[in-house]
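Biologist: I have a structure open on my screen and would like to learn how to read it. Could you walk me through it?

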Amino acid sequence: MFWLTCAVDVDIQPLTLYSQRPGGGEIESIESSTADEHLSAPAMAAASVSVPRIKLGSQGLEVSAQGLGCLGMSFFYGPPKPEPDMIKLIHNAVATGVTLLDTADMYGPHTNEILLGKALEGGVREKVELATKFAVSYADGKWEIRGDPAYVRAACEGSLKRLGVDCIDLYYQHRIDKKVPIEVTIGELKKLVEEGKIKYIGLSEASASTIRRAHAVHPITAVQLEWSLWSRDVEEEIIPTCRELGIGIVAYSPLGRGFLCSGAKLVDSLSEQDFRKYMPRFQPENIDKNTKIFERVNAMAAKRGCTPSQLALAWVHHQGNDVCPIPGTTKIENFNQNVGALSVKLTPDEMAELESYAATGEVLGDRYAETTNTWKDSETPPLSSWKSE
């Protein structure tokens, strides 16, 4: 079975720390969250941080330093949330300066894109960077990964219609079709760029070698991958490859699917409709040891005067100016406070200490079940093997 995720709701408190942008660039206009005692805690957290802009990749795309993952609004994390509330949340994000909105055609399927399409009405479209994905097809009750040219084109046309836009800013191949040479898939995406239907091309859960092959056909602007304090397997090959090629990095599930926010309490609260309930790291045989990771992060956060989720998200931000995490939420209060993580400054010693909590051997359980498609199983046939229909 195919599983996919982005970050989830978090409950964090206002922040009073001044910060510096990872990689040396300062964040502008950060003020203390205690500036107005009459503001609510979430409002203070949002008002205290000016969201910086970063260049994502080397092809000209500029986005907010933190994005918004929209999956949980419609899919996988329990029942769909009320549409008016989600539109209000999206508008709040844009007003705050978080303008990279991340969705996919398989979220729902399709309903998340339709939701975003409604949220983009009334001039909002011009204020955001819109990212969506293709490749996961749902038909006859089955999921299938497809990257053949006809499907790529049809998927793009479908997304454009549901989103109500003429062009998609960043279009990712969600998962890699191992039946189709990556050069063929990217070749069709290149045509869509030339036709003005998409601006930039991205990949998700792709291996270093697949990224190289794709980039040789058309520049890849961003690679989306799971990267968090307790999911760091991408650091060995994929991250260095992206940086060598000038490809931006979009980190999904930067809060460990919510575990780095509340630990075992999260697992206890999951409904039967929440797919995280069945993930390896949340199973009884692994949860006790994994909870110790959260407890250490929580203790360090208490010393720093922030929350564990802010600390974990700040760790991702400190990986560099080429990294954009996209935590997701379904609550405005949680979103506003997530933004406060931008103002957490970590020293090299603090970074090292955090990393020691979730070092190799300390995290029990894989990211996904064995049947899930990830970058570890994303090699495609050579181009010479392809026979077009």
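**Reading the model together**

Modeller: Happy to! Keep in mind that this is a predicted model. Let us begin with two rings: tryptophan 230 is buried, and phenylalanine 259 is buried too.

Biologist: How many aromatic pairs does the structure hold?

Modeller: A pair of aromatic rings is described by the distance of the centres and the angle of the planes. The structure holds six such aromatic pairs. In one of them, tryptophan 230 and phenylalanine 259 are stacked, with 4.9 Å from centre to centre and 5° between the planes.

Biologist: Which parts does that pair tie together?

Modeller: Tryptophan 230 sits in the loop between strand S10 (222-226) and helix H7 (238-245), while phenylalanine 259 belongs to helix H8 (residues 259-262), so the pair ties together parts 29 residues apart in sequence. There is also a charged neighbour: arginine 281 lies over the face of tryptophan 230, 4.9 Å from the ring centre. Elsewhere, ring pairs link Phe75, Phe76, Tyr138 and Trp143 into a cluster.

Biologist: And the nonpolar cores: which residues have the most contacts inside the largest one?

Modeller: In soluble globular proteins, nonpolar side chains tend to be buried together. Here the largest nonpolar core has 93 residues, and those with the most contacts inside it are Leu68, Leu189, Leu203, Trp227, Leu311 and Leu354. Another core, of 12 residues, lies apart from it; Trp230, Val267, Met279 and Phe294 are among its members. Back in the largest core, look at leucine 189: leaving aside residues up to four places away in sequence, leucine 189 touches Phe134, Val152, Tyr171, Ile198 and Ile201.

Biologist: Now the sheet. In what order do the strands come?

Modeller: Strands of a sheet pair through backbone hydrogen bonds, either parallel or antiparallel. In this model, eight strands form an open sheet in the order S3-S4-S5-S8-S9-S10-S11-S12, with parallel pairing. Strand S3 (68-69) and strand S12 (323-325) are at the edges with a single partner strand each, so one side of each has no neighbour in the sheet. Two bridges join S3 to S4, and glycine 69 stands opposite aspartate 102 in S4.

Biologist: Which strands does helix H4 lie across?

Modeller: Helix H4 (residues 149-163) lies across strand S5 (129-134), strand S8 (168-173) and strand S9 (198-204), and runs at about 140° to S8.

Biologist: One last check: is threonine 99 buried or exposed?

Modeller: Threonine 99 has 6% relative accessibility, and because buried means under 20%, threonine 99 counts as buried. This residue lies in the loop between helix H2 (83-96) and strand S4 (100-102).

Terms used. Residues numbered from 1 in each chain as written. Predicted model: local features only at pLDDT ≥ 70, side-chain atom pairs only at ≥ 80, totals over all residues. Heavy atoms only, no water. Phe/Tyr/Trp six-rings, centres within 6.5 Å; stacked < 30°, edge-to-face > 60°. Helix = DSSP H or I, 4+ residues; strand = E, 2+ residues; numbered from the N terminus. Buried < 20%, exposed > 50% of the residue type's maximum accessible area, 1.4 Å probe, protein only. Lys NZ or Arg CZ within 6 Å of the ring centre and 35° of its normal. Core = buried A, V, L, I, M, F, W, Y, C linked by side-chain atoms within 4.5 Å. Contact = heavy atoms within 4.5 Å. Pairing = 2+ DSSP bridges. Axes fitted to C-alpha atoms, helices over the stretch in contact; angles between N-to-C directions.
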